[in-house]
Amino acid sequence: MLPTSLHAILDSSSVYGDARQSAIIYCEGNFARIDGKTANGLVRSSEKYRILAVIDSTLVGQDAGAALGEATAGIPIVVDLESALKTRDGPPDVLIFGLAPLSGLMSGSDRKVVLAAISAGISVVSGLHEFLADDPEISAAALAYGVTLHDIRRPRPTKHLRMFDGAIEDVNCIRIAVLGTDGAIGKRTTSTLLTLALNNAGIRTVMVGTGQTGLMQGAAYGVALDAIPAQFGVGELEGAVLAAYEGERPDVIVIEGQGALSHPAYLSSTVVLRASRPQAVIMQHAPARRMLSDYLQVPMPSPLSEIKLIEMFGKTRVIGIAINHEEMTETEVTAAITRYNTELKIPATDALWRDPSELVAMVTAAFPSLQVRESLEMA
């Protein structure tokens, strides 16, 4: 039986209503793959967009949820932009660029699709490092056809960026960061599911996003961390966590991680730990992944080595492991959970394949005071 998708969990409970913009996602050749992680995440859930179709000619005819190995999402995968514009729900409000290449740049064929969408009167949402509004041809086309370009990764003007000032010490609630052993390993998905599960258990929780996909999904608080100048990264994220606390007064703040602390190319996990000062970390790991996703010459770290590094650098504790089940069977996932429980002496679960209560139990075991609050809320 296919596991229930996050899309199904949220939409079946009518969380979003009909206020979202309609969208099609461009993800040519990469949906359900690592470089399609923006599209993958948006199919699973989005508070901002109602997804009508995904463009990927290599998976034509499939349901997007099923292509992710989950329950059907009612979102067709189509061959091209022309087909996407003919979905039964009519023309979309926006085209979302759903690819997340390592370069952060468009290819020539990608560019043609963006320009074609603009000429069809469709606004474009992009999480690339290459800003659409700075491109003379694309910005001129948008002006001519009266559409909007949304560059999600564009930081605030430098004069408005925030330096770290220690205000995180005034955030009087539990902060849990979801870090990992690699990039594109499921940290955002686990963060989203953890936030939902805790709220459903009566524990007031808010998530702070740190990447373009989380912001596209509708995270009310957060920053696109890898687009901020290094001098301001810690301060900007500290400010986002502070805003979440002051705006919501939650019991728990979940901070989405980026990259991995041990990763040779990414520094963003250091920023997450410094800025949010989490009392606990849930670590995402893919047991079947042997080499880093974008650096196939670099072996994956072991869970134990990453835990030691996180706890030493962040002066925090890892309270559980969330498994990414890529290339694994349910039997193999169960075996991995048992192994980590025994060897590492901390709970493990699969956020997508296992019951959300396992994530809640992971947190309440580490913070018994939340268990009391949960009991009071449920009484």
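Let us start at an outward-facing spot of this predicted model: glutamate 327 is exposed, with a relative accessible area of 75%. Glutamate 327 sits in the loop between β14 and α12. Its phi is near 60°, a positive value in a residue other than glycine.

Alanine 184 also has a positive phi, near 50°, and is likewise a residue other than glycine. Alanine 184 belongs to the loop between β7 (174–180) and α7 (187–200). With a relative accessible area of 24%, alanine 184 is partly exposed, because partly exposed covers the range between under 20% and over 50%.

**The sheet of seven strands**

The loop of glutamate 327 lies between β14 and α12, and β14 leads us into a sheet. Here 7 strands form an open sheet in the order β9-β8-β10-β7-β11-β14-β15, with parallel pairing. Strands β9 (221–222) and β15 (348–349) are at the edges with a single partner strand each, so one side of each has no neighbour in the sheet.

How many residues of β11 are buried? In β11, 6 of its 6 residues are buried, so the strand is mostly covered. As a general point, side chains in a regular strand alternate between the two faces of the sheet. In β11 one side carries Ala280, Ile282 and Gln284, while the other carries Val281, Met283 and His285; all are buried, and both faces are covered.

On one hand, β7 and β11 run parallel and are joined by 5 bridges; isoleucine 176 has alanine 280 in β11 as its bridge partner. On the other hand, 5 bridges join β11 to β14, again parallel, and valine 281 stands opposite valine 318 in β14. Further along, β14 (residues 318–323) pairs with β15 in the parallel sense over 2 bridges, and alanine 322 has threonine 349 in β15 as its bridge partner.

Helix α12 (residues 330–344) lies across β11 (280–285), β14 and β15, and runs at about 165° to β14.

**The sheet of six strands**

The model has another open sheet, this one of 6 strands in the order β3-β2-β1-β4-β5-β6, with parallel pairing. Its edge strands, β3 (77–78) and β6 (149–151), each pair on one side only. Strands β4 (residues 94–97) and β5 (residues 123–126) pair in the parallel sense over 4 bridges, and leucine 95 has valine 124 in β5 as its bridge partner.

Helix α2 (residues 37–44) packs on this sheet. Helix α5 lies across β1, β4, β5 and β6. The table lists the helices that meet strands in the two sheets.

| Helix | Strands met | Angle |
|---|---|---|
| α2 | β1 (21–26), β2 (49–55), β4 | about 145° to β1 |
| α5 | β1, β4, β5, β6 | about 165° to β4 |
| α12 | β11, β14, β15 | about 165° to β14 |

**A pair of helices**

Helix α5 (residues 108–119) also has a helix partner, α6 (residues 136–145): their axes come within 9 Å and cross at roughly 15°. That makes α5 roughly parallel to α6, and the crossing is left-handed.

Which residues meet between α5 and α6? From α5 come Arg111, Val114, Leu115, Ile118 and Ser119, and from α6 come Glu137, Ile138, Ala141, Ala142 and Tyr145. By class, this contact has 7 nonpolar, 1 polar and 2 charged residues.

Technical notes. Residues numbered from 1 in each chain as written. Predicted model: local features only at pLDDT ≥ 70, side-chain atom pairs only at ≥ 80, totals over all residues. Heavy atoms only, no water. Axes fitted to C-alpha atoms, helices over the stretch in contact; angles between N-to-C directions. Parallel < 35°, antiparallel > 145°, perpendicular 65-115°, else oblique. Left-handed = near helix turned anticlockwise from the far one by under 90°. Contact = heavy atoms within 4.5 Å. Nonpolar A, V, L, I, M, F, W, Y, C, P; charged D, E, K, R; others polar. Pairing = 2+ DSSP bridges. Buried < 20%, exposed > 50% of the residue type's maximum accessible area, 1.4 Å probe, protein only.
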